Amino acid sequence: MSKPRLHLDADASIKALYEALVARGHDVTRTPTEWMPMDASDEAQLLGATAHGRCIFTFNVRDFLVLAQRYPQHGGIILAAQKSWTLSDLIAALDRLLSETEAADWIGQVRWLNQWRT
């Protein structure tokens with residue numbers, strides 16, 4: 001059983017969030033990366049994350065809900081309403097999610113980060 005690998009899309013690509021999750025031992029990438037330019041479309045980010053065996057975290061709820069229907073075998077989508085989160089809350093919730101779930105649980109799933117809020 002393996003832990004989920006996470007990609008932070010362009011909307012959620014907060015360097016401090018990325019660094020905090022990596023420091024906690026999680027396998028995290030962020031846009032931009034060698035395989036994802038900063039100006040990549042939402043579709044390209046979802047497909048790229050999926051191709052790299054990663055679920056994706058985004059604040060872009062509306063667009064990713066549409067993409068989830070278009071690509072039902074995506075690697076997993078984690079949604080959050082940006083205005084309702086502080087950086088420390090995001091770190092804590094994503095840390096819990098990445099620690100408590102398995103990679104296989106995420107294929108084709110769309111979940112709200114609120115489930116892991118303390």
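**Buried cores and helix packing in the predicted model**

Isoleucine 78 is buried, its relative accessible area being 0%, where buried denotes under 20% relative accessible area, exposed over 50% and partly exposed the range in between, computed with a 1.4 Å probe on protein chains only. The structure is a predicted model, in which local features need pLDDT of at least 70 and side-chain atom pairs count only at pLDDT 80 or more, whereas totals for chains, interfaces and linings use all residues. Residues are numbered from 1 along each chain as its sequence is written, and side-chain values use heavy atoms, with hydrogens and water left out.

Isoleucine 78 belongs to strand β4, helices (H or I, at least four residues) and strands (E, at least two) being DSSP runs numbered from the N terminus. Leaving aside neighbours within four places in sequence, isoleucine 78 is in contact (heavy atoms within 4.5 Å) with Leu6, Cys55, Ile56, Phe57, Thr58, Leu97, Trp106, Arg111 and Leu113. The C-alpha atoms of isoleucine 78 and phenylalanine 59 are separated by 8.6 Å, with their positions 19 residues apart along the chain.

Isoleucine 78 is also one of the residues that touch the most other members of the largest nonpolar core, a group that further includes Leu6, Leu17, Phe57 and Leu113, out of 22 core residues. A nonpolar core is here a set of buried Ala, Val, Leu, Ile, Met, Phe, Trp, Tyr and Cys residues joined through side-chain atoms within 4.5 Å. At least two residues of this core are supplied by each of β1, α1 (15-23), β3 and α4 (87-100), and the largest share, 6 residues, comes from α4. A second, separate core consists of 9 residues, among them Leu46, Val61, Phe64 and Ile77.

In helix α1, the buried residues are Leu17, Ala20 and Leu21. Seen down the axis of α1, they fall within an arc of 95 degrees, so they line one face of the helix, the arc being that of the directions from the helix axis to the C-beta atoms. Lys15 and Ala23, on the other side of α1, are exposed. The buried residues of α1 pack against β1, β2, β3 and α4. Two of these residues can be described individually through their contacts, neighbours within four places in sequence being left aside: leucine 17 is in contact with Leu8, Ala12, Phe57, Leu87, Leu90, Ile91 and Leu94, while leucine 21 touches Leu6, His26, Val28, Ile91, Leu94 and Asp95. Leucine 21 counts as buried because its relative accessibility is 0%. The C-alpha atoms of leucine 21 and tryptophan 35, although 14 residues apart along the chain, are separated by 20 Å.

Helices α1 and α4 pack at an angle of about 35 degrees, with their axes 10 Å apart; axes are lines fitted to C-alpha atoms, for helices over the stretch in contact, and angles run from 0 to 180 degrees between N-to-C directions. The residues that meet are Ala16, Leu17, Ala20 and Leu21 in α1 and Leu87, Leu90, Ile91, Leu94 and Asp95 in α4. By class, this contact has 8 nonpolar, no polar and 1 charged residues, where Ala, Val, Leu, Ile, Met, Phe, Trp, Tyr, Cys and Pro count as nonpolar, Asp, Glu, Lys and Arg as charged, and the others, Gly among them, as polar. Also in α4 lies glutamate 100, which counts as partly exposed because its relative accessibility is 48%, and which touches Lys3 and Trp116 when residues up to four places away in sequence are not counted. The C-alpha atoms of glutamate 100 and lysine 3 are separated by 8.2 Å, with the two residues 97 apart along the chain.

In helix α2 (residues 42-51), Asp42, Gln45, Leu46, Gly48 and Ala49 are buried. These residues cover an arc of only 165 degrees around the axis, which puts them on the same side of α2, and they pack against β1 (6-8), β3 (55-58), α3 (61-70) and β4 (77-79).

Several backbone features accompany these helices. Most residues other than glycine have a negative phi, and most peptide bonds are trans. Glycine 25, just after α1, takes a positive phi of about 90 degrees, and glycine 53, which follows α2, has a positive phi near 70 degrees. A cis peptide bond, with omega about 0 degrees, joins threonine 31 and proline 32, and proline 32 is found in the loop between β2 (28-30) and α2.
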